[in-house]
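Here's a quick tour of the model shown below, from its open spaces to its rings, core and backbone oddities. Keep the structure open while you read.

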Amino acid sequence: MNEIEIGRGKRGRRAYSFDDIAVLPSRRTRDPEEVSLDWQIDAYHFEMPVIAAPMDSVMSPTTAIAFGEAGGLPVLDLEGLWTRYSDPEPLLAEIASLDPALATARMQEIYAAPIQPELITERLRQLRAAGVTVAGALSPQNTQQHWKTVVDAGVDLFVIRGTTVSAEHVSSRSEPLNLKRFIYELDVPVIVGGAASYTAALHLMRTGAAGVLVGFGGGAAHTTRQALGIHAPMASAVADVAAARRDYLDESGGRYVHVIADGGLGTSGDIVKAIACGADAVMLGAALARAADAPGRGFHWGAEAHHPELPRGARVEVGSVAPLQEVLFGPSRVADGTTNLIGALRRAMATTGYTEVKELQRIEVVVAPHQPS
């Protein structure tokens with residue numbers, strides 16, 4: 001593996017973001033109508049390989065139901081405003097109207113309200129009553145406290161999501177979450193992450209997870225690179241974790257763990273490139289927060305933006321481009337890759353000659369850094 005000399009005492013591997021790569025056409029093309037975007041994880045089948053990120057600016061119970069009915073997998077943030085307040089709509093409106101200089105401090109106050117277990121149950125009940133796949137997310141820090149409430153509420157898929165999640169958290173202050181034991185004892189499939197390296201992902205796969213989220217501080221609302229100096233360019237991260245999936249498949253005797261790109265996916269082209277690097281599906285945040293009917297009202301933020309001690313994210317203005325239906329399926333009224341995300345994926349696959357998402361993972365990729373005009 002080639003490394004670059006940073007200085008006499010340090011060398012580093014060159015890593016690539018989605019902007020640094022491009023896919024190449026193959027020797028054949030197909031009709032878009034012949035392309036299948038179906039995706040299945042465990043027993044759950046979806047019409048598109050897209051997961052809606054568990055973020056208050058992206059998913060409310062209402063938008064989660066709409067996204068599920070559209071054929072995707074919605075994930076509700078079970079530590080967000082919808083499980084802290086019975087009616088968070090006024091607070092969502094307030095967050096969207098905050099002065100940028102005051103936004104972080106006010107959001108810290110709003111999110112200081114305790115999580116109410118009865119609201120976790122109620123929000124998941126709403127999704128189940130609508131007939132969509134029920135998925136909820138907790139951070140590793142709060143999984144121990146609330147997992148039983150989530151499972152008793154009838155969740156179909158359990159998501160443990162953090163900026164980074166390891167299979168071996170060391171703490172001298174408290175009993176850490178033992179992911180392997182936890183997943184083994186749970187009766188529902190678990191998606192866990194983020195992970196941004198081959199080794200971290202391989203360890204998470206060995207816990208029994210059904211899927212691994214790939215990413216670390218690379219999303220539109222993250223400032224992790226500025227705050228902590230940590231960043232994982234997504235094209236390289238996805239390719240590394242895809243290699244871990246391949247090796248774990250051999251190691252386990254055929255157990256397949258889904259690789260889900262989570263971060264750095266602002267446009268439809270990024271979705272195509274994530275799958276080309278080896279992802280089975282993508283988790284979208286900012287791309288869906290741009291929907292006119294998203295709860296963020298043109299703004300986007302994650303849990304890192306209101307951390308009580310060290311915020312590593314920000315409330316960012318992403319704007320509103322179109323209703324959710326048009327963001328997903330068009331028709332596009334702009335040419336910047338922010339609408340008709342699914343139509344673009346379908347056309348990219350047809351243009352390069354592939355009919356199934358997993359086939360697209362084999363496409364030729366080149367390093368071609370993008371130079372904005």
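## Ground rules

For sorting residues by class, Ala, Val, Leu, Ile, Met, Phe, Trp, Tyr, Cys and Pro count as nonpolar, Asp, Glu, Lys and Arg as charged, and the others, Gly among them, as polar. This is a predicted model, so to speak: local features need pLDDT of at least 70 and side-chain atom pairs count only at pLDDT 80 or more, while totals for chains, interfaces and linings use all residues. Residues are numbered from 1 along each chain as its sequence is written, and side-chain values use heavy atoms, with hydrogens and water left out.

## Pocket and cavity

Both kinds of space come from a 1 Å grid over the protein atoms alone: a cavity is a set of points where a 1.4 Å probe fits but cannot get out, a pocket is an open set with protein on both sides within 12 Å along at least five of seven lines, and lining residues have an atom within 4 Å of a point. Grid points are joined across faces, edges and corners, and a volume is the space filled by probe spheres set on the points.

The second largest pocket holds about 290 Å³ of space. It has 18 lining residues, and Phe18, Asp19, Gly264, Gly266 and Asp270 are the closest to its centre. Sorted by class, that lining has five nonpolar, eight polar and five charged residues. Helix 10 (residues 268-276) gives the most, with three residues; helices (H or I, at least four residues) and strands (E, at least two) are DSSP runs, numbered from the N terminus.

As for enclosed space, there is one cavity of 30 Å³ or more. The largest cavity has a volume of about 50 Å³, and its walls are made by Val58, Met59, Thr63, Leu288, Ala291, Asp293, Ala294 and Leu324. By class, this lining has six nonpolar, one polar and one charged residues.

## Rings around Trp147

Rings of Phe, Tyr and Trp (its six-membered ring) pair if their centres lie within 6.5 Å; planes under 30 degrees apart count as stacked, over 60 as edge-to-face and the rest as tilted. That rule gives three aromatic pairs. One of them is Trp147 with Phe182, edge-to-face, at 5.7 Å centre to centre and 85 degrees between the planes. The pair links distant parts of the chain, with Trp147 in helix 5 (residues 140-152) and Phe182 in helix 6 (residues 179-185), 35 residues apart. Add Phe158, and ring pairs link Trp147, Phe158 and Phe182 into a cluster.

How exposed are the two partners? Buried means under 20% relative accessible area, exposed over 50%, and partly exposed in between (1.4 Å probe, protein chains only). Phe182 is buried because its relative accessible area is 8%, while Trp147, at 29%, counts as partly exposed. Leaving out residues up to four places away in sequence, Trp147 touches Leu138, Phe158, Phe182 and Leu186, where contact means heavy atoms within 4.5 Å.

## The nonpolar cores

A nonpolar core is a set of buried Ala, Val, Leu, Ile, Met, Phe, Trp, Tyr and Cys residues joined through side-chain atoms within 4.5 Å. The largest one has 100 residues, and Phe158, Met205, Leu284 and Leu288 touch the most other members. Helix 9 (residues 234-251) supplies the largest share of this core, seven residues. Apart from it lies another core, of 14 residues, among them Leu91, Leu98, Met107 and Ile110.

Phe158 turns up again here. Not counting residues up to four places away in sequence, its contacts include Gly136, Leu138, Thr143, Val150, Pro189 and Ile191, along with Trp147 and Phe182.

## Backbone oddities

Most residues other than glycine have a negative phi, and most peptide bonds are trans. Asp42, though not a glycine, has a positive phi of about 55 degrees. Asp42 sits in the loop between strand 4 (39-41) and strand 5 (44-46) and, at 48% relative accessibility, counts as partly exposed. Arg297 also has a positive phi, near 55 degrees; its place is the loop between helix 11 (286-289) and strand 15 (299-300).

Now for the cis bonds. One joins Gly193 and Gly194, with omega about 20 degrees, and Gly194 is found in strand 11 (residues 190-195). The bond from Gly330 to Pro331 is cis too, with omega near 5 degrees, and Pro331 lies in the loop between helix 12 and helix 13 (341-352).
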